[in-house]
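This report walks through a few local features of one structure. Have the sequence and the coordinates at hand.

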Amino acid sequence: MANIAFRCLAAGWLLAVATFVSAGPVERYVAPDGADTNPGTVDQPFRTVYRAQEAVRRAVERMDGDIVVNIAPGEYRLDRPLEFTEADSGRNGFRVVYRSDGGPGKARLLGSVPLKGWTEHRDGIWKIDLPDGALFHTLYENGRRVHKARFPDYEYLPQLPTALGRYLATVDGSPKQSDKVHARSELPGWLAYRPEDVPPVTTVTKMRIHIFAGGKCDWVREIHPVTSIDPQARRLTFGVEPYHGVGVGARFFLEDELGLLDVPGEFFVDQTAGKLYYMPLGKGHPDTLAISYPVLSRMIQLKGSSREQCVEQLVLDGLALEESDNAPPLPQWAYTGHRDAALVWMNNTSRVEIRNCHLKNSGRHGIMMIGHNTENLVTGCWIEHMGVNGVSFCNRFLAPNGTDPTQDRCELNRVHNTWISHVGELHTYAECVTVFNVSNNEVSHCQLDNSVRYAITLRGNTGPQYGPSVLTNHPPTKGNRFHHIRVERCGQDGGDMGALHGANLNIPDGDAINTFEQITVADCRTVSSVKDIGPDGIFLDWPKMCMHQVFRNIHIVRPQGRQLRSHGPDNGASALTENVSWERDFDESLMEYNEIGLRPDFPKEYGGGGVSVLPAPASVEAKPRGFDSILLSWHATVTEGPSSGSYAVFRDGVPVGNTPSTSFEDRGLSERTVYRYAVATRAWEFGPDGPRSPEFEVCTPPDTTPPLLRGALADDDAEHVWLRFSKPVDPATAGVVANYRIDQGVQVFGAAAWQVSELVRLRVSALTRGTTYGVTVSGVTDTAAVGNAVPAGTQASFRADQMVLHYTMDMTDGDIVIDASGSARHGQLKGSAAWAPASGRIGGALLLDGQDAYVEGPSDFELGRSDFTLAAWVWKDQDANMIILAKADGFPKRQWSWGWNAGCFRAENHLSFHPDPAALGSNRWMHLAFVRRGDTGQAYVDGEPSGGVHDLSVLGELSNGQALLIGRRRYEEAPVWFQGRIDDVRIYGRALTAEEIGVLASRNFTL
């Protein structure tokens, strides 16, 4: 229906134009060297756009052709918003056009004032007097945004440019509050910080704190005035309790105090003294560095008197709009848009076109359509470096009586062929495109990248998040279509989100349905300080309130979290999907990669119009890094603009890798073998390969590396020991009993290399449980041509454990899950749980259907405060949240689960103890483990450490009396079932070493 509507709209415009006979355009001219006393002709242009607007208003009543205001290249500084009303509208089927006469981006309208007259202050800091009453919240140097003085200092990360780290983390604070509790504390907030984090100044004049509250709630960075700092108690207080409290581990930084100004690119405004202090980025006197401060928050305002009297038939063509101010440092959301600001702010408009414009360095938003706006078009624009959002559609309002639905409509608007980049530079809850309570709009052929949070977010008119599934009187969000969009690098400074996001959109069986199709999403990742759930490709938020959304031909790669995550199972289960990459039948050939992203007619002045096929990389080189790997490198094929390029690597004519960097290491090769390589450039990751570089040959050297003993692990029966070597070993030498010696009188009766050729299994005399042994190996060689021998005296230690439990899952019938550890902690199949005798990673497996199947185990053990290890082989049928183990019926203290959200060990609702989600997958066997050692935790994937070392000091005692569950958690609101197979579940009452985890992960065969 949306396509039909837009076709009808286009036909209507053509009919309207055809109804009137044009006498040709009326032209007015503006130039930097003009004068407002001039008549506005090409020879005698106006000086300001304000004067041109006056002339146009006098001419529109008698329009018999378009009126075109030609603005010559140069700078035009605005001292007040350029306000358009219905008096500025085109008439009689003709349009009023304000255009950059020298081409896109050449006529620059700025909302800032240059600063000259700087004097030295001290230590590289300069100062300047400000006009009376001047106050601003962002500053620009040579077209670049700089930051308020802060502690710790801002840390720029090239791969995460919108993140505002570095952050500190609280060690204590006012109590956390759940978002399910609506009664809020009226007390001041407080936090305690680490001894090494004492601020350089503790006397507060106007300091503010930016804090992600609640210990892990990396959703919104709240801003509050600091009231005091006690350096002895290491305690900081601020005026208002954050929405989620503070808790332990909350990220924060301090801002806006002169004593914090200590590095280039920081400024401080002393409003009382009327002075600005600044340490410039550039060299030389500040008067030469193009430093300017913003005086406007809204630069262009289009506001009709009512929805019946709209601003209509007005075009902004090729203008550059730059350097506006931020709002005062208080959180603001898109639905406060009547009070908000943008480079172009619109209300009560229709058939307005913003074409080929460059919007840069906004303190707030790029374009806002607030309330009633219909049939507007944004096309060919480059929107970059926004303080908050790129383009916002919002009609989250009621009728004037505050209860009835509004009659305003925000619909049939289009954003097309537009590049939106680097959004949320000042506020963390930001997105490239905002779609709140609007219908039948279209976003197409766009590139959305480098967002602090979302690429696209939709919100609608359901009730509260944890209330019943009902609708409110606000307008719905439905019928919006998003297609042929390229999304990259979103979610850079937050968690619990997706690049494509929806919340409170639609209830079960509701009709508020929106469509996403032909979209690629790549590299959604966040800074390492984030403790919340890592960024997903798509997140359907609010349980049972983001139902029935449509996804067709979606390809998501390398998200830090999941490709698609659903808050509760219903949103995800109700989604209509067709050819999406998180499902097994995804077919890349159905993706229209060449049509995704910006169109060929995107302005070349903004980096568009480039070739779609790039030349082959130059100076390709390769050299062996060992007998089994080759490192390739080449010179970059550089492209400017939205296409950053990537490279496809071919070995012996077959593709073996794709990388955005200019090097690639090819591993797992054979010794003394010749390989042929070539490299091709792609204009973007999913684009076609360009021509390949000339093919060349590289030969790997002989293998002269001896095998190393990586670890040893005793088997359950205390009569076998597993040894893991660094490489495959020769079965003949590995089977010689005399090559092994175990201390404390243990005899070796047999030895054999197993199907995994790095493993050797020893049969030994009975081991004493709880005892640590040492094994010495000699005479074992590898499979290399020269037969490299293990170094003489090679040793490893192992312990004969009494495990907490061990479920081999090798049963074939019955409903009892046998504990092979000897601890008699047997379990029982529940629901549709069944055995898969020949389908495990090691023999049989537990088969779970994701609906009602699970295992109930014992309740007679606890993890407590002690060290432990959880380990299992898992096969997930789909990329979704699934529970492997749980002793929990919700999220209270002392309860825990393992597996939810990317293999996370979740305790006391901390969600950050997980492996790197990029190491995980579905439809394959994975060995997962989580090890607690003291106050640290480490996750493992396939025997390798993953996700960094986690601080577990925030956890209390994990003792709760709950029964152990496999394949679900006992939380009836959202049990989070496991769908797939689980094998070889082990719980140890100690912290296994990395070497021992490696042995477990290598055991992938039937004994």
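Ser362 sits in strand S30, residues 358–362. Helices (H or I, at least four residues) and strands (E, at least two) are DSSP runs, numbered from the N terminus. The model is predicted: local features need pLDDT of at least 70, side-chain atom pairs count only at pLDDT 80 or more, and totals for chains, interfaces and linings use all residues. Residues are numbered from 1 along each chain as its sequence is written, and side-chain values use heavy atoms, with hydrogens and water left out.

**Two hydroxyl residues in strands**

Ser362 is buried, at 0% relative accessibility. Buried means under 20% relative accessible area, exposed over 50%, partly exposed in between (1.4 Å probe, protein chains only). A polar atom of the Ser362 side chain lies 2.7 Å from the backbone oxygen of His365. Beyond its neighbours within four places in sequence, Ser362 contacts Tyr140, Arg145, Ser324, Leu343, His385, Met386 and Gly387. Contact here means heavy atoms within 4.5 Å.

Thr237 belongs to strand S18, residues 235–238. Thr237 is also buried, with a relative accessible area of 18%. Its side chain makes polar contacts with the side chains of Thr227, at 2.7 Å, and Ser228, at 2.6 Å. A polar contact is a pair of N or O atoms within 3.5 Å; within protein, one must be able to donate a hydrogen and the other to accept it, and residues adjacent in sequence count only if both atoms are side-chain atoms. Residues up to four places away in sequence aside, Thr237 touches Gly189, Trp190, Val226, Thr227 and Ser228.

**Cysteines**

How many disulfides are there? The count is 0, where a disulfide is a pair of cysteine sulfur atoms within 2.5 Å. Two cysteines show why: each sulfur is too far from its closest cysteine sulfur for a bond.

| Cysteine | Closest cysteine sulfur | Sulfur distance | Relative accessibility |
|---|---|---|---|
| Cys310 | Cys410 | 11 Å | 8%, buried |
| Cys357 | Cys381 | 4.9 Å | 0%, buried |

**Helix H2**

Why is helix H2 largely enclosed by the rest of the structure? Of its 11 residues (49–59), 8 are buried. These are Val49, Tyr50, Arg51, Ala52, Gln53, Ala55, Val56 and Ala59. The buried residues of H2 pack against strands S1 (26–30), S2 (67–71), S4 (82–84), S5 (96–100) and S6 (107–110).
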